[in-house]
Amino acid sequence: MDGNECVNDPHLVVLRTTKTEDFLRKIGIFQDLSPSSLKLVEKRVQTFSFKKGERIMSEDDVARGVYFVYSGTVKLTKQDENGNEIIVCIKQKGDMFAEACLFTQRTQCYPATASMLEDGKILFLDKNELERDLYDYPELSIQMIRYMSDSLREMTAQLRDVALLDVYAKTVKTLERLGKKFNTGQNRWDIEIPLTVQEFATVVGTSRESVSRVFSKLKKQEMIDMKSRKIVILDWCRFCTLLHPDL
């Protein structure tokens, strides 16, 4: 994504500087930056608006930068040689993605395809500019390392669940993990996860039929419901007792 592409891109929008600054301050890798350093980052950020279902980047595209979710929800997917898609992870407001393209010694494509699950705005930072800033501002480098370490730990936990748990346990664990991600307001009731059963099955790493059987059981227990292509956790406190009966 070069300068000409950005100028002509129909998704490009402008946010007020104060709003962008406030948002950047809430992102982990920027929260401890000095005001002058944050100002520098804010000047380089480009903001794009996308509709639900629109593609932000493809794993076939040459990686040119990293992205931050300003609003909406993003899914990152991978495809096999037969075109089958799996959802690798889901990103919410304040999350970063495509950071794996940083500090490589060769031209590289993005690690996954990113598409919008909901309408929203996405921030973009050119990788070359961000790399220079990481060299120049040690506090920013430390925050980046922490963020990537936390992401690796989360990914390792997901792989462990997929490999070692039975279908029921990993379905409930995945619902619990996504419920925490989407329950940004710490609400107890009607927590919505914007995924279909098929999309959820790819996150879990099992078949749609297997997930449907678990969902049927959870619906009979009045733990979840399905509304408008969304999975709804009806009562968070009750749901948490499924795998943690001592709570």
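Is Lys230 buried, partly exposed or exposed, judging by its relative accessibility? Lys230 sits at 25% relative accessibility, so it counts as partly exposed. Keep in mind that this is a predicted model, and let's use that lysine as a way into the rest of the chain.

Lys230 has a partner: its side chain meets that of Glu192 in a salt bridge, at 3.2 Å from N to O. Lys230 belongs to strand E12 (residues 230–235) and Glu192 to strand E10 (residues 189–193), so this pair ties together parts that are 38 residues apart in sequence. Glu192 is also partly exposed, with a relative accessibility of 41%.

Both residues fall in a stretch with a label. UniProt, in an unreviewed entry, lists residues 165–237 as "domain: HTH crp-type". Over that range the chain is 53% helix and 21% strand, and the C-alpha atoms at its two ends are 22 Å apart.

Back to the charges. Side chains of opposite charge can pair when their charged atoms come close. The structure holds 11 salt bridges. One of the pairs joins Lys75 to Glu199, with 3.4 Å between N and O. Here Lys75 comes from strand E5 (residues 74–79) and Glu199 from helix H7 (residues 197–204), so the bridge ties together parts that are 124 residues apart in sequence. Unlike the Lys230 pair, which is partly exposed at both ends, Lys75 and Glu199 are both buried. There's a third participant too: Glu85 is linked with Lys75 and Glu199 in a network of salt bridges.

For a more local example, look at helix H4 (residues 127–136), where Glu131 and Lys127 are four residues apart, which means about one helical turn separates them. Their side chains meet in a salt bridge at 3.2 Å, N to O. Glu131 is buried, with a relative accessible area of 13%, and Lys127 is buried as well, at 11%.

Now for the nonpolar side of things. The largest nonpolar core has 40 residues, and Phe30 and Phe97 touch the most other members. Leaving out residues up to four places away in sequence, Phe30 touches Leu24, Arg25, Leu38, Val41, Phe68, Leu125 and Leu140. Apart from that core lies another one, of 26 residues, including Leu178, Val204, Leu218 and Trp236. Those four named residues bring us back to the range that UniProt lists as residues 165–237, the stretch where we began with Lys230 and Glu192.

How values were computed:
Residues are numbered from 1 along each chain as its sequence is written. This is a predicted model: local features need pLDDT of at least 70, side-chain atom pairs count only at pLDDT 80 or more; totals for chains, interfaces and linings use all residues. Side-chain values use heavy atoms; hydrogens and water are left out. UniProt positions are given in the numbering used here, feature names are shortened, and annotations may be inferred rather than shown by experiment. A nonpolar core is a set of buried Ala, Val, Leu, Ile, Met, Phe, Trp, Tyr and Cys residues joined through side-chain atoms within 4.5 Å. Buried means under 20% relative accessible area, exposed over 50%, partly exposed in between (1.4 Å probe, protein chains only). Contact means heavy atoms within 4.5 Å. A salt bridge is a side-chain nitrogen of Lys or Arg within 4 Å of a carboxyl oxygen of Asp or Glu.
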